[in-house]
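Me: Please take a close look at one part of this model, the arrangement of its sheets, and connect it with whatever bears on it. I would like to know how far each reading can be trusted.

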Amino acid sequence: AGIIGGKLGASPPDSLTVSNSVITDNHANDSAPNVTNNPGGGIQFAGGNLTISNSTISNNSSKSSPGAGVFYQAGAAGDSLTITNSTFDGNQITHSSGTYNGGAGLAVASSVPGATMSVTGSIFSNNTGSGTGELRGGAIASQSGALTLSRTTFRGNSLASGAAAKG
């Protein structure tokens, strides 16, 4: 992965701000493409506060793990994901077996109340998923929790699956 950060349950919570940056051509799970263990080809962040603004997340992959561009997991009330004016383009997931895989551009998960996740003024384009297992969300997969989208454009995102493709 390009950036790995955060720690579930850290006190105080970890924070990462990515601004005016390009995160491109990073790959998770290259040595074990059918193993779901390293989400987030571009950025993996679990627990705490992740802010991405005015950045491009492109051409990343995570094989059979979610979130080729970005994977975010909230771990406590008050954790937040805030994405503004950013582009997610050409990120790719694949899947061949087991549980579903999703979110070629962005995958989010929050099983705790009080965490916030939002995407504003951003573009998701040409993010893809392929394989024989179940795929969800060519652009975004929200595994749990509430994700708010505002003024965000989606174009050319796709899933192609031999088993089932949803979203």
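Reply: Two strands are taken to pair if DSSP finds at least two bridges between them, and a strand is itself a DSSP run of E with at least two residues, numbered from the N terminus. This is a predicted model, in which local features need pLDDT of at least 70 and side-chain atom pairs count only at pLDDT 80 or more, whereas totals for chains, interfaces and linings use all residues. Residues are numbered from 1 along each chain as its sequence is written, and side-chain values use heavy atoms, with hydrogens and water left out.

In one open sheet, five strands are paired in parallel in the order S3-S6-S9-S14-S19. Strand S3 (22–24) and strand S19 (153–155) have a single partner strand each, so one side of each is left without a neighbour in the sheet. From one strand to the next the twist averages 5 degrees, where axes are lines fitted to C-alpha atoms and angles run from 0 to 180 degrees between N-to-C directions. Within this sheet, S9 and S14 are joined by three bridges in the parallel sense, and Thr-87 has Ile-123 in S14 as its bridge partner.

Confidence bears on this reading, with pLDDT being the predictor's confidence in each residue, from 0 to 100. The protein chain has a mean pLDDT of 85, with 87% of its residues at 70 or more; the highest confidence is in strand S9 (residues 87–89), at 98, and the lowest in strand S21 (residues 165–166), at a mean of 52. Where pLDDT is low, the predicted coordinates should not be read in detail.

Two loops that adjoin strands of this sheet each hold a residue with an unusual backbone angle, given that most residues other than glycine have a negative phi. Asn-59, in the loop between strand S6 (56–58) and strand S7 (70–74), has a positive phi near 55 degrees. Asn-126, in the loop between strand S14 (123–125) and strand S15 (128–131), has a positive phi near 60 degrees. Asn-59 counts as partly exposed because its relative accessibility is 40%, and Asn-126 does so at 43%; buried means under 20%, exposed over 50% and partly exposed in between, with a 1.4 Å probe and protein chains only.

Another open sheet of five strands, also with parallel pairing, runs S2-S5-S8-S13-S18. Its edges are S2 and strand S18 (147–150), each with a single partner strand, so one side of each has no neighbour in the sheet. Neighbouring strands here are turned by 5 degrees against each other on average, direction ignored. S2 and S5 share five bridges in the parallel sense, and Leu-16 stands opposite Leu-50 in S5.

Leu-50 leads on to the largest nonpolar core (buried Ala, Val, Leu, Ile, Met, Phe, Trp, Tyr and Cys residues joined through side-chain atoms within 4.5 Å). Among its 21 residues, Ile-43, Leu-50, Val-70, Tyr-72, Leu-81 and Leu-106 touch the most other members. Elements giving two or more residues to this core include strand S5 (49–53), strand S8 (80–84) and strand S13 (116–120), while S7 gives the most, with three residues. Leu-81 has contacts (heavy atoms within 4.5 Å) with Leu-50, Tyr-72, Leu-106, Val-108, Thr-116, Met-117 and Ser-118, leaving aside residues up to four places away in sequence. A second, separate core of five residues includes Ala-68, Ile-93, Ala-104 and Leu-135.

Technical notes: Helices (H or I, at least four residues) and strands (E, at least two) are DSSP runs, numbered from the N terminus.
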